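Got your viewer open and a hand on the mouse? Follow along below, selecting residues as we go.

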Amino acid sequence: ENTGLHSQLPLEEQNYGATAARVRQGPSVSVPRNSPAKRDYLVAAVLCYANLINFMDWFIVPGILLDIQKYFELSDGDTGLLQTVFILCYMLAAPFFGYLGDRYNRKIILGAGIFFWSGVTLGSSFINELYYWIFFLSRGLVGIGTASFSTIAPTIIADLFEEGKRTTMLSMFYIFIPVGSGLGYVLAAGMAEATEDWHWAFRVTPCMGGLALVLLILLVPHRTQRRIAAHRALSISGTIREAAEKPGVHRTAKTTWCQDVISLAKNWSFVWSSLGLTAMAFVTGALGMWVPLFLYRAQVVQGIVSPCLQESCNSSNSLIFGGITIGTGILGVIAGAQAARRLRKINNKADPLICVASMFVSALCLYIALIVAQTNIISTFIFIAFGGLFLSVNWAVVTDILLYVVTPRRQSTAIALQILVSHLLGDAGSPYLIGIISNAIQARNAHSFQWSFWSMQYSFILCALIGVFGGGFFLLTSFYIEEDRKEAER
């Protein structure tokens, strides 16, 4: 029987972000556990709200990309570099915050991060077109603030809930990735259209961030106790307190960061699933940055819209794509969590196999969307929606894989390393890479709207190929996941 066990820890150990490994007990042993308190759900709700703002801020730039490109007079390659600067700073800061999150008070780190990224976002709305390099710098600073939240928040949710509830709450948390991303497009496009000035798009999320900071201070406890696992069966007649004092309840010794990294490098389920997530990040980063612009160029070629020569460009594609991102994100995350919950009962490798299938189907849908873009814009929207839907299936599932194949004390570090790798090889470079490939194709051909569209279309084929590789990485994960899960339980 799988049970969770609380054990009173020394004060300095109560800030570690971790979740209990499932404990293998004898068939006649049962240690009841109280259900999560209402306060736990309130804390999770605050973190979900902050995650919403986090990703809204992330995707404001892609939502008004055409306006920004015109305002600062940027090429496709330079425009793609905007997101690359953001992601590079984000991923380089993640291991640092992972180290802090495993060792120091997480509430203080989260609060400082929210305050920092909100302030920088607000400041970036006042930058003049002559100082485009300051705008690039501001996006990098926002990435640093964002890393503090993305690294630590999932471990707090993992502390508050046992495995069944944990999957559900993590699903809710990760639903706000696509919802926040979609709202970022909608907010940016809506504010730019309403005010006829794209700068106002950067003045809404800082206010929302201020509210998140207040809620964090009021509702999130100063210290959260991490869960630890018992290694031997408890006596039926013993109480939890008595059992915790027995030698069978083991307290893991503190390890150095280098020891944690070496251990994680030997965990093949963690390694291959992280590479699968990297492929996901590559595809989502490129699509998130360029799809509205790609759709605009397709519509120009088809004669649906006229080329944008005004100060403020039509933002309808960003609004539509934002709505698609929200809808497919919610459906995808829920579908992935439900499929994982049901299929785990009949197959211990269900989680990575779900990721395999979703990556292959997503790659196929995205390839079809590229092929039909020049002739049928409605079909393009439909297949992009299906591609995004199947990508979203994996968000909560991949995180849950990490949480049960990595020992509790290393989970913040594992999340931080996963962020570093997935962004370094994924969406840190993919927007820029798509941009420079597009530039190279345009440079070899006569300047025209047709070649402007074709250059982006040919560049995007790389995303479909990377999606196939991602499915292969998750397939390799399935070969090791049972053994690594048992090792984490031990």
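## Starting just past a helix

Select E73 to begin: sitting just after α3, E73 takes a positive phi of about 55 degrees. Keep in mind throughout that this is a predicted model.

Now step back into helix α3 itself, residues 65–72. Which residues of α3 are buried? Select L65, L66, D67, I68, Q69 and F72, and you have them. That makes six of the eight residues in α3, so the helix is largely enclosed by the rest of the structure.

## Zooming out

Show the whole chain as a cartoon. You should be looking at 18 helices and two strands. The chain has 490 residues, and 58% of them are buried. The chain exposes about 19,900 Å², with carbon and sulfur atoms supplying 66% of that area. Take the contacts in the chain with a separation of 6 or more: 86% of them are between residues 24 or more positions apart.

## Rings meeting rings

Time for some aromatics. How many aromatic pairs does the structure hold? There are 24. Select F135 and F202 to see one of them: this pair is edge-to-face, with 5.8 Å centre to centre and 90 degrees between the planes. Color the chain by position and you can see that the pair links distant parts: F135 is in helix α6, F202 is in the loop between α7 and α8, and they are 67 residues apart. Are F135 and F202 buried or exposed? Both are buried.

Keep F202 selected and add W198. Here is another edge-to-face pair, at 6.0 Å centre to centre and with 75 degrees between the planes. W198 and F202 are both buried too.

Next, select F55, W58, F59, F86, Y90, Y185 and F321 together. These residues form one aromatic cluster. Hold on to that selection and add S181, which you'll find in helix α7 (residues 163–195). S181 has a relative accessibility of 5%, so S181 counts as buried. What is S181 in contact with, leaving aside its neighbours within four places in sequence? The answer is F55, M56, F59, F176 and T325. Two names there, F55 and F59, should already be lit up, since they belong to the cluster you just selected.

## Charges over rings

Select R203 and W200. R203 lies over the face of W200, at 4.5 Å from the ring centre. Then jump along the chain to R485 and Y404, where the charged end of R485 sits over the ring of Y404, 4.0 Å from its centre.

## Salt bridges

Side chains of opposite charge can pair when their charged atoms come close. How many salt bridges does a search of the whole structure find? It finds five.

Select R410 and D260 for one of these. Their closest N and O atoms are 2.9 Å apart. R410 lies in the loop between α15 and α16 while D260 is in helix α10, so this pair ties together parts that are 150 residues apart in sequence. R410 is buried, with a relative accessible area of 18%. D260 counts as buried as well, at 2% relative accessibility.

Now center on R344. Its side chain meets that of D351 in a salt bridge, 3.1 Å from N to O. Is R344 itself buried or partly exposed? R344 is partly exposed, with a relative accessible area of 21%, whereas D351 counts as buried at 1%.

Stay on R344 and add D400. The side chains of D400 and R344 meet in a salt bridge of 2.7 Å, N to O. D400 lies in helix α15 and R344 in the loop between α12 and α13, so the pair ties together parts that are 56 residues apart in sequence. D400 is buried, with a relative accessible area of 1%. Show R344, D351 and D400 at once: salt bridges that share partners join them into one network.

## Last stop: the surface

Switch to a surface view and select L130, Y131, Y132, W133 and L137. Together these residues form a nonpolar patch on the surface, with about 590 Å² of accessible area. Click on L137, which lies in helix α6 (residues 132–160). L137 is partly exposed, with a relative accessible area of 48%. Helix α6 should ring a bell, as F135 from the ring pair is in α6 too.

Definitions and conventions:
Residues are numbered from 1 along each chain as its sequence is written. This is a predicted model: local features need pLDDT of at least 70, side-chain atom pairs count only at pLDDT 80 or more; totals for chains, interfaces and linings use all residues. Side-chain values use heavy atoms; hydrogens and water are left out. Patches are made of residues with over 30% relative accessible area and no salt bridge: like charges are joined within 9 Å, nonpolar side chains (Val, Leu, Ile, Met, Phe, Trp, Tyr) within 5 Å. Accessible areas come from the Shrake-Rupley method with a 1.4 Å probe; for residues, only the protein chains shown count as cover. A salt bridge is a side-chain nitrogen of Lys or Arg within 4 Å of a carboxyl oxygen of Asp or Glu. Helices (H or I, at least four residues) and strands (E, at least two) are DSSP runs, numbered from the N terminus. Buried means under 20% relative accessible area, exposed over 50%, partly exposed in between (1.4 Å probe, protein chains only). Contact means heavy atoms within 4.5 Å. Rings of Phe, Tyr and Trp (its six-membered ring) pair if their centres lie within 6.5 Å; planes under 30 degrees apart count as stacked, over 60 as edge-to-face and the rest as tilted. A charge sits over a ring if NZ of Lys or CZ of Arg is within 6 Å of the ring centre and within 35 degrees of the ring normal.
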